[in-house]
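Dear colleague,

I am handing over the structure below, and after it you will find a summary of what came out of the analysis. Please read the text with the coordinates open beside you.

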Amino acid sequence: MSLPTADEVFAKAAEGSPFSNGTEGYAWMENNCHRCVHDKPARNDDYENACPIILVAYVGKTSAEWLRKDGFRLGDQYTCLYFRDENDPGPDEPTPIPDPPGQLTLCPRELFERQGRMFADTKPQ
């Protein structure tokens, strides 16, 4: 699953800052962006290839790729759909755990396996 461009993220983003103050923003970035492979170029001063999702947050919009969690813990307000830990030993794309032989399933997986993660864009076109 490749990252969207900054223009694509900006077009879908909601108005308003994702964080109420700098402390919230820095705590969330420390727990997520500062460990993610997509923002590693920015940590190496290569801002041309930095994560476009966090760039949209810097201009005061909340990315649609960040899903708000219930409750509130500092640094854990959202789940980023594109987060990949730098220490993740897995392949480039996450793969689903196979069903055990003879196991019945409630819904077919094929519909969801083509996408990286289940996510529906709810913003009207």
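The accessible surface of the protein chain comes to about 8800 Å², and 54% of that area belongs to carbon and sulfur atoms. Please keep in mind throughout that this is a predicted model. Of the 125 residues of the protein chain, 30% count as buried. The chain has 5 helices and 4 strands, which follow one another from the N terminus in the order α-β-α-α-α-β-β-β-α. Among the contacts between residues at least 6 apart in sequence, 65% join residues at least 24 apart.

Helix H2 and its surroundings

Helix H2 covers residues 22-31, and its buried residues are Glu 24, Gly 25, Ala 27, Trp 28 and Met 29. These buried residues pack against helix H4 (52-58), and also against strand S3 (66-68) and strand S4 (78-80). At the start of H2, a side-chain oxygen of Asn 21 comes to within 3.1 Å of the backbone nitrogen of Thr 23.

Aromatic pairs

The count of aromatic pairs comes to 6. In one of them, Phe 19 and Trp 28 form a tilted pair, with 6.0 Å from centre to centre and 40 degrees between the planes, and both of these residues are buried. Another is made by Trp 66 and Tyr 78, whose ring centres are 5.5 Å apart and whose planes stand at 35 degrees, so this pair is tilted. Because Trp 66 lies in strand S3 and Tyr 78 in strand S4, the pair ties together parts that are 12 residues apart in sequence. Both Trp 66 and Tyr 78 are buried, and ring pairs link Phe 19, Trp 28, Trp 66 and Tyr 78 into a cluster. Trp 28 thus appears both in this cluster and among the buried residues of H2.

Salt bridges

The count of salt bridges comes to 6. In one of them, Glu 15 pairs with Lys 61, the closest N and O atoms being 3.3 Å apart. Since Glu 15 lies in strand S1 (residues 14-15) and Lys 61 in strand S2 (residues 61-62), this bridge ties together parts that are 46 residues apart in sequence. The two partners are covered to unlike extents: Glu 15 is exposed, with a relative accessible area of 68%, whereas Lys 61, at 8% relative accessibility, counts as buried.

Asp 76 takes part in two further bridges, one with Lys 69 at 2.6 Å, N to O, and one with Arg 73, where the closest N and O atoms are 3.8 Å apart. Asp 76 counts as partly exposed at 24% relative accessibility, as does Lys 69 at 30%, while Arg 73 is exposed, with a relative accessible area of 58%. Salt bridges that share partners join Lys 69, Arg 73 and Asp 76 into one network.

A nonpolar patch on the surface

On the surface, Phe 10, Leu 55, Tyr 58 and Val 59 form a nonpolar patch, and together they have about 410 Å² of accessible area. Phe 10 has its place in helix H1 (residues 6-12), and at 41% relative accessibility, Phe 10 counts as partly exposed because that value falls between the 20% and 50% limits.

With kind regards

Methods: Residues numbered from 1 in each chain as written. Predicted model: local features only at pLDDT ≥ 70, side-chain atom pairs only at ≥ 80, totals over all residues. Heavy atoms only, no water. Helix = DSSP H or I, 4+ residues; strand = E, 2+ residues; numbered from the N terminus. Buried < 20%, exposed > 50% of the residue type's maximum accessible area, 1.4 Å probe, protein only. Contact = heavy atoms within 4.5 Å. Areas by Shrake-Rupley, 256 points an atom, 1.4 Å probe, with all protein chains shown as cover. Polar contact = N/O pair within 3.5 Å; in protein donor to acceptor, adjacent residues only side chain to side chain. Patch = residues over 30% accessible without salt bridge, like charges linked within 9 Å, V, L, I, M, F, W, Y side chains within 5 Å. Salt bridge = Lys/Arg side-chain N within 4 Å of Asp/Glu carboxyl O. Phe/Tyr/Trp six-rings, centres within 6.5 Å; stacked < 30°, edge-to-face > 60°.
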